[in-house]
Amino acid sequence: MNTKDIISAAWNRKEPESMDFMEQKLYWALRSICFLYTYGELSREAATEAKEKLLASYERQRPDWVKWSRCQEVHRLLATSSSAEVRRIASEVEKMFEA
């Protein structure tokens, strides 16, 4: 889903279906900005500035989210493989990221 669709949905208070986690975060943050602007808590300038900062942050973080999401899915597939060797490798990789 592109940012223009999310902005439009937030302004019109119509939550789109099938948003991933990052898109949901963006949608609800934009809804908050719209709410505050509508009820006079934010000026037009402040709302515009908040929206621009939010969109810039989203655009910076989105590529990392996509990579992380793909890695998570690959790990899930490896960890549930029918091959014992593949599951062992997935387990070893998991240990690399333990705190």
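In the predicted model, the elements that cover the buried residues of helix α2 include α1 (3-11) and α3 (44-79). The buried positions of α2 are Met-22, Glu-23, Leu-26, Tyr-27, Leu-30, Ile-33 and Cys-34. Because these residues cover an arc of only 130 degrees around the axis, they are placed on the same side of α2.

The length of α2 was examined against the expected rise along a helix. The element comprises 18 residues (residues 21-38), which at 1.5 Å a residue should span 26 Å, and this agrees with the separation of its end C-alpha atoms, which are 26 Å apart. At the start of α2, the backbone nitrogen of Met-22 has a side-chain oxygen of Asp-20 within 3.1 Å, whereas what follows the helix is Gly-40, a residue with a positive phi near 80 degrees.

The largest nonpolar core contains 11 residues, namely Ile-6, Ala-9, Ala-10, Met-19, Met-22, Leu-26, Tyr-27, Leu-30, Leu-55, Tyr-58 and Trp-65. At least two residues of this core are supplied by each of α1, α2 and α3, and α2 provides the largest share, with four residues. In soluble globular proteins, nonpolar side chains tend to be buried together.

Contacts of one core member, Tyr-58, were also considered. When residues up to four places away in sequence are not counted, Tyr-58 touches Thr-3, Met-22, Glu-23 and Leu-26; of these partners, Met-22, Glu-23 and Leu-26 are among the buried residues of α2, and Met-22 and Leu-26 also belong to the nonpolar core.

Conventions:
Residues are numbered from 1 along each chain as its sequence is written. This is a predicted model: local features need pLDDT of at least 70, side-chain atom pairs count only at pLDDT 80 or more; totals for chains, interfaces and linings use all residues. Side-chain values use heavy atoms; hydrogens and water are left out. The expected span of a helix is 1.5 Å times one less than its number of residues. Buried means under 20% relative accessible area, exposed over 50%, partly exposed in between (1.4 Å probe, protein chains only). The arc is that of the directions from the helix axis to the C-beta atoms. Contact means heavy atoms within 4.5 Å. A polar contact is a pair of N or O atoms within 3.5 Å; within protein, one must be able to donate a hydrogen and the other to accept it, and residues adjacent in sequence count only if both atoms are side-chain atoms. A nonpolar core is a set of buried Ala, Val, Leu, Ile, Met, Phe, Trp, Tyr and Cys residues joined through side-chain atoms within 4.5 Å.
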